[in-house]
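Visitor: Could you walk me through this model and say what each label rests on?

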Number of protein chains: 2
Amino acid sequence: MSKVTAQVAISLDGYVAGPEQSEENPIGVGGMRLHDWHREPEGQSAVDAEVTARMLEGNGAYVMGRNMFGPIRGPWSGDWRGWWGPEPPYHAPVFVLTHEPRESLAMEGGTTFHFVTEGFDAALSVAREAAGSLNVAIAGGASAINQALAAGVVDELFLHVVPIVLGAGARLLEGVGTPSFEIAEVLSAPAVTHIRYRAVR
Amino acid sequence: MSKVTAQVAISLDGYVAGPEQSEENPIGVGGMRLHDWHREPEGQSAVDAEVTARMLEGNGAYVMGRNMFGPIRGPWSGDWRGWWGPEPPYHAPVFVLTHEPRESLAMEGGTTFHFVTEGFDAALSVAREAAGSLNVAIAGGASAINQALAAGVVDELFLHVVPIVLGAGARLLEGVGTPSFEIAEVLSAPAVTHIRYRAVR
C-alpha cells in the first residue's frame, strides 16, 4: 500500500540544517556534518551503505519545500534548476511548495519539478495521484516535513540521528502537535543511529 | 577513572519534561510517558531492565537541579524532602543547586541532600571530591544537565529516546554551544532507543 514517508538527518538538538542557509552553504553553518555518513561512499559502513541505498527506493513522487529546491526567495529569477545538476537523483515527479508560480521543469532521468502554489495539502494530493501504488516521500526540509507531520499524514519517519549539536538552524518536529510513534527499526552505525518510526494513529 | 555522566529520557522533539510542571505533575503534562519503560518492572523488556539496573550504578555523588528535587520555588518552606520518600534511590551525597541556603538533609540508606548556593561549578567540585574514584552523575533536570554540557564537563550522555512528541516543556541541549559526541553504545528496546554518547574533546 502507498505510504507517505519522510527521512532526514538530524542533530541531537533536533536541527536538520544549521543557521544562515545560503547558496554557498545550502544546509547552513555546520549542517553538512549531518550528511557525512552518506556523502562519501568510500569507507562507508555497511549499515550506512544500506540506508543510503534505500533512501530513494520505492518512491513514486516527492513533495519538497522551496528552500530545499533552491536558495532563491521571492519571485523566480534566472534559471535555477535545483542543487542536483542536469540529472537529479529522484527519477520521479517532485512537487515543490512555493508561493511563486513557475512552469514545470523536466530534467534528465525522469525527474520533473512541478511548482505548487496552493499549499501542502494540494501538493500532497497531486503527489499521491502521481505515485500510484508507490510511496510519496516528503523530501524536506524541516518546514515541509513539519507541515506533513502537522497534517497527520506521515506514515513513517526515518531519522538519521547524528551525534552533533548545531545550536541553531531549521528545527524538525516543531509546531506539529503531539504525535506518537512506534519504533519500526533501529540500524546502528558507528557514527549515526538510524531509527525508523511508524506513526501511531 | 572517575567520569561525569548524565542520563535522561527524552522525547523526539528534545524535551525531558512536559509543560506546566507542578507538585501534582512533576514531569509536566505528558512527561510521565517518557518514563514508562523503567517505571513498571513487570513486563519490561530485557534491554530496558538492564538499562534500569545500570541507572544508578557506579555513582559516588550526584548533582541535581532544584526543580528535580522539588516543586518549591523561592525560599524553602515546610519540610520538603524530595519526591522519593524516606529512602531515596541514590545512596550517596546529592548536591542540589539552589539560590536558597538550607541545612543538609540526611535520609535513610545513605542519601544526603546538600544544598549548594554557589552555582554549578561549586556543586560539581564538591561532588567530585565526595565521589572519589566513582562517577559523578548529573541527575537532572534539563537545566542542570545543560549547565554541565555548557561547562564542557560531561564525559558521557546516555539518552533514552522515547518516540513521542511533547511540543513544549524543558528542553535538553539548549544553550550548550555545539559539542560533538561519538556513539559508545546503542541498546534497542521495543519502545525506546537507549544511546550512550561519549564527549569528543
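Here is a short tour of the chain and some of its strands.

Guide: This is a predicted model, where local features need pLDDT of at least 70, side-chain atom pairs count only at pLDDT 80 or more, and totals for chains, interfaces and linings use all residues. Residues are numbered from 1 along each chain as its sequence is written, and chains are lettered from A and ligands numbered from 1 in the order in which they are written.

Visitor: What makes up the secondary structure of chain A?

Guide: Chain A has five helices and eleven strands, taken as DSSP runs numbered from the N terminus (helices: H or I, at least four residues; strands: E, at least two).

Visitor: How do you know what radius of gyration a compact globule would have?

Guide: The rule, over C-alpha atoms, is 2.2 Å times the number of residues to the power 0.38. For 201 residues that comes out near 17 Å, and chain A has 16 Å, so the two agree.

Visitor: What share of chain A is buried?

Guide: It's 44% of the 201 residues, where buried takes 20 or more other C-beta atoms, placed from the backbone, within 10 Å of the residue's own.

Visitor: Why is β6(A) said to pair with β4(A)?

Guide: Pairing needs at least two DSSP bridges between strands. Strand β4 (residues 93-97) and strand β6 (residues 112-116) of chain A have five bridges, so they pair, running parallel. One of the partnerships is A:Leu97 with A:Val116.

Visitor: And which way does β5(A) run against β6(A), parallel or antiparallel?

Guide: Antiparallel, over two bridges, with A:Leu105 opposite A:Phe113. These two strands form a hairpin with five residues between them, and A:Gly109 in the turn has a positive phi of about 80°.

Conventions. Buried ≥ 20, exposed ≤ 12 C-beta atoms within 10 Å, placed from the backbone.
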